[in-house]
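Here's a quick walk through the empty spaces in this protein and what sits around them. Have the model open and follow along.

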Amino acid sequence: MYTKSFRVLLQRFATLKNVCYCKYSTREFRDPRFFNLYQHAKSRLLDDQRKSGVLSHKMEVNRVRLHFEMTGDGNHSVVLMPGALGSTRTDFAQQLNTFNKQDFTLIAIDPRGYGQSRPPDRDWPLEFLQRDAEDAMELVRKLDVQKVSLLGWSDGGISAMIAAARYPEIVDKLVIWGANAYITKKDMEFYETIRDISAWSEKMRVPFLSMYGEKYFRTQWSNWVDAYKNYFTKRNGDICIAEVEKIKAKTLIIHGMKDPLVPLEHPDYLHHNIKGSRLYIMPEGKHNIHQKYYREFNFLVEHFLKR
């Protein structure tokens, strides 16, 4: 049972996290009220309670309010970046709940226009994945984290590669899966076949429909296909080829051999062009290997991050 004083502290924390929003100067990146109370609350919890709780918060980043969730009590900060139209809750439940929270602190992000980082609705400039990378790194700066490892799935993996290339002094290690540096004609043809969400299985649709409703999800998914078509037609299929060759972070590439969205050609290319990278293949894995095979995935990633 909690003491009366501790219940009051938790109530204050719950209230503050919903309204704790301020403008930041170039010198003061974080809201001291929020972080001081967060640390105070953690210090009063038992070890098991401290490591199991997931904190939900929003912060102004590049003129939008990004939603993120934090959990864990470790010194190693790990940023989780979701896939297309993904969010902390649709994409990373098994990591937020079961990852090693003694050694790691997880920071999972909803990119702008995704999940709870709305409003505003998602828009799609030509280099939208580059913008997501900049948003993620600005959040890291405002959290006053000096070094991070990045875990990126699919689109999040692409943005994580861009961030690692642009900010080598901040990004220590990189884990990516279901990501690609370019788009082929065959890739683009496949994206067109999945434009209509009515053709998806119910299992694939339900998490997104629950998060967004059908109208928003149907419209934005079609916009996502068009956004990739822009990379294909206006950048000759080049998403981040130059950035890949600049990555200095120690990198682990994980790939599901049966991934229908990202053929083996793409992880092979990344492995060949990211110096010193490691490639791990899951023979039965598809695109969502971190969800279906989360125990193997988490163990593998934790081991890599600790090395």
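Start with the largest cavity: 13 residues line it, and M81, P82, P111, D132 and S159 are the ones nearest its centre. Keep in mind that this is a predicted model. The space inside that cavity comes to about 100 Å³. By class, its lining splits into 7 nonpolar, 3 polar and 3 charged residues. Two helices, α6 (128-142) and α7 (155-166), each give at least two residues to this lining.

Those two helices also meet each other. The axes of α6 and α7 come within 8 Å, crossing at roughly 65 degrees, and the crossing is right-handed. On the α6 side, the contact is built from F128, L129, Q130, D132, A133, E134 and M137, while α7 brings D155, I158, S159, I162, A163 and R166. Sorted by class, the residues of this α6 and α7 contact are 7 nonpolar, 2 polar and 4 charged. D132 and S159 show up in this contact and also among the residues nearest the centre of the largest cavity.

How many cavities of 30 Å³ or more does a search of the whole structure find? The count is 3. The second largest cavity holds about 50 Å³, and its lining consists of S154, D155, G178, N180, Y191, W224, Y228, L261 and V262. D155 of that lining is also one of the α7 residues in the contact with α6.

Now for the open space. The largest pocket has a volume of about 950 Å³. Its lining has 29 residues, with W153, M204, H287, N288 and Q291 nearest the centre. Several helices each supply at least two lining residues: α4 (88-91), α8 (185-193), α9 (202-212), α10 (214-234) and α13 (289-292). The largest share, 4 residues, comes from α9.

Here are the three linings by residue class:

| Space | Nonpolar | Polar | Charged |
|---|---|---|---|
| Largest pocket | 14 residues | 9 residues | 6 residues |
| Largest cavity | 7 residues | 3 residues | 3 residues |
| Second largest cavity | 5 residues | 3 residues | 1 residue |

Back to V262, one of the residues lining the second largest cavity. You'll find V262 in the loop between β7 (250-256) and α12 (265-273). Is V262 buried or exposed? V262 is buried, because its relative accessibility is 2%, under the 20% cut-off. Leaving out residues up to four places away in sequence, V262 touches G178, A179, N180, H255, P267 and H287. Among them, G178 and N180 also line the second largest cavity, and H287 is one of the residues nearest the centre of the largest pocket. The C-alpha atoms of V262 and F190 are 9.9 Å apart, with their positions 72 residues apart along the chain.

For contrast, look at N97 in helix α5 (residues 93-98). N97 counts as exposed because its relative accessibility is 55%, over the 50% cut-off. The C-alpha atoms of N97 and G72 lie 9.6 Å apart, and the two are 25 residues apart along the chain.

Zooming out, the protein chain has 14 helices and 8 strands. Of its 307 residues, 55% are buried. Among contacts with a separation of 6 or more, 73% link residues 24 or more positions apart.

Technical notes:
Residues are numbered from 1 along each chain as its sequence is written. This is a predicted model: local features need pLDDT of at least 70, side-chain atom pairs count only at pLDDT 80 or more; totals for chains, interfaces and linings use all residues. Side-chain values use heavy atoms; hydrogens and water are left out. On a 1 Å grid over the protein atoms alone, a cavity is a set of points where a 1.4 Å probe fits but cannot get out, and a pocket is an open set with protein on both sides within 12 Å along at least five of seven lines; lining residues have an atom within 4 Å of a point. Grid points are joined across faces, edges and corners, and a volume is the space filled by probe spheres set on the points. Ala, Val, Leu, Ile, Met, Phe, Trp, Tyr, Cys and Pro count as nonpolar, Asp, Glu, Lys and Arg as charged, and the others, Gly among them, as polar. Axes are lines fitted to C-alpha atoms, for helices over the stretch in contact, and angles run from 0 to 180 degrees between N-to-C directions. A crossing is left-handed if the near helix is turned anticlockwise from the far one by less than a right angle, and right-handed if clockwise. Contact means heavy atoms within 4.5 Å. Buried means under 20% relative accessible area, exposed over 50%, partly exposed in between (1.4 Å probe, protein chains only).
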